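Grab a pencil and work through a few short exercises on this protein. Each one sets a task and then walks through a solution.

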Amino acid sequence: MKMKLFQTICRQLRSSKGFSVESAALVAFSTSSYSCGRKKKVNPYEEVDQEKYSNLVQSVLSSRGVAHTPGSVEEDALLCGPVSKHKPPKQGENRRVPQNWFPIFNPDRSDKPNASDPSVPLKIPLQRNVIPSVTRVLQQTMTKQQVFWLERWKQRMILELGEDGFKEYNSNIFLQGKRFHEALESILSPQETFKERDENLLKSGYIESVQHILKDVSGVRALESAVQHETLNYIGLLDCVAEYQGKLCVIDWKTSEKPKPFIQSTFDNPLQVVAYMGAMNHDTNYSFQVQCGLIVVAYKDGSPAHPHFMDAELCSQYWAKWLLRLEEYMEKKKNQNIQKPE
């Protein structure tokens, strides 16, 4: 009876303006057998071994405060959902610009190959010398954040697979990529046919993954062909130069275990493509030039590959970034030579 009377008074007080009763007051005031016999609710988080998971929690929290890299973006996507589009830079924001500018396109060269050009795709062998390769420049100029995430991924893989297992994993990845490129070269070359031992490559998930891309590829002009930029002093080995949906492109074939639907997820691949473009456009071994790029990311399970098309404007933007990386590499190399003892 007393309990019902108290509850009635509380309801009236709650309905009155400017006055509230905390729910805790009811618990403290009540002396009924009902409230005394009620078991206290246990917070499930209180039962977690805080010390055991402290490193994991610290890792997740600390990753929120660092600049995003392709590695961290992929990890955040698992925790926070899809990646949102990048916001445009603020007006007046300082940007680094290359000190020694050189154009990516050649004004003295035609955009379209001549009809008299050989139908057989060019395949110029790469000459190994002291000139740095595109791959080496990009590897030697990664940001601290990129190096951090790469090392973190490596340590996690070693922890899971062991040292020997990790080496075997890398070897298998390299071998899969090599076979994938060999299969594409045989498919795209008009004079080559698959040998019996290569038939399995046609049935691989990677080849199945790029089938819808290959339907739009025609007019192949170069396959696994070397390029050299004599003015900027670097070399490279491009995968393919062909028309994609009617536009001549430098095509870079990539494999991935994770979906990469956005060009931001392809790490430094766009810089690699424009570096090949700039070199080829000024290489005397080629009579034409390319103004577009294409990155194709293929998947082992056969799911449709993601094509990332780069028009002339986007290529020009990445070209400026490539020139900065190249200047950084040359500066590091110069400093290393100075520090060497005589």
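**Exercise 1. Decide whether Glu-224 is buried or exposed, then look at its backbone.**

Step 1. Start with the relative accessible area, which is 18% for Glu-224. Buried means under 20%, so Glu-224 counts as buried. Keep in mind that this is a predicted model.

Step 2. Now place the residue: Glu-224 lies in strand β1.

Step 3. Check phi. Glu-224 has a positive value of about 45 degrees, although it is not a glycine.

Step 4. Try Gln-245 in the same way. Its phi is near 55 degrees, again a positive value in a residue other than glycine. Gln-245 sits in the loop between β2 and β3 (247–256). With a relative accessible area of 52%, Gln-245 is exposed, since the cut-off for that is over 50%.

**Exercise 2. Find the largest cavity and work out what lines it.**

Step 1. Count first: the structure has one cavity of 30 Å³ or more. The largest cavity holds about 40 Å³ of space.

Step 2. List the lining. Glu-224 turns up again here, along with His-181, Leu-184, Glu-185, Leu-188, Leu-223, Asp-239, Cys-240 and Trp-253.

Step 3. Sort these residues by type: five are nonpolar, one is polar and three are charged.

Step 4. Ask which elements they come from. α7 (144–188), β1 (217–229) and β2 (234–244) each give at least two residues to the lining. The largest share, four residues, comes from α7.

**Exercise 3. Search for disulfides and explain what you find for Cys-315.**

Step 1. Recall the idea: a disulfide is a covalent bond between the sulfur atoms of two cysteines.

Step 2. Search the whole structure, and you get zero disulfides. Cys-292, for instance, is in none, and its nearest cysteine sulfur, that of Cys-249, is 5.0 Å away.

Step 3. Turn to Cys-315. Its closest cysteine sulfur belongs to Cys-292 and is 6.2 Å away, so the pair is too far apart for a bond.

Step 4. Add the surroundings. Cys-292 is buried, with a relative accessible area of 11%, and Cys-315 is buried at 0%.

**Exercise 4. Check the length of helix α11 against what you'd expect.**

Step 1. Helix α11 covers residues 269–281, which is 13 residues.

Step 2. At 1.5 Å a residue, the helix should span 18 Å.

Step 3. Compare: the end C-alpha atoms are 18 Å apart, so the two values agree.

Step 4. See how covered the helix is: 13 of the 13 residues in α11 are buried.

**Exercise 5. Describe the surroundings of Arg-325.**

Step 1. Locate it: Arg-325 is in helix α12 (residues 312–339). Its relative accessible area is 10%, so Arg-325 is buried.

Step 2. Set aside the neighbours within four places in sequence. Arg-325 is then in contact with Val-137, Leu-138, Thr-141, Met-142, Gln-146, Asp-268 and Leu-271.

Step 3. Compare sequence with space. Pro-98 is 227 residues from Arg-325 along the chain, yet their C-alpha atoms are 9.1 Å apart.

**Exercise 6. Step back and sum up the whole protein.**

Step 1. Count the secondary structure: 12 helices and five strands.

Step 2. Look at burial: 34% of the 342 residues are buried.

Step 3. Take contacts between residues at least 6 apart in sequence. Of these, 72% join residues at least 24 apart.

Note on methods:
Residues numbered from 1 in each chain as written. Predicted model: local features only at pLDDT ≥ 70, side-chain atom pairs only at ≥ 80, totals over all residues. Heavy atoms only, no water. Disulfide = S-S within 2.5 Å. Buried < 20%, exposed > 50% of the residue type's maximum accessible area, 1.4 Å probe, protein only. Expected span 1.5 Å × (residues − 1). 1 Å grid on protein atoms, 1.4 Å probe; cavity = no way out; pocket = protein on both sides within 12 Å on 5 of 7 lines; lining within 4 Å. Points joined across faces, edges and corners; volume = space filled by probe spheres on them. Nonpolar A, V, L, I, M, F, W, Y, C, P; charged D, E, K, R; others polar. Contact = heavy atoms within 4.5 Å.
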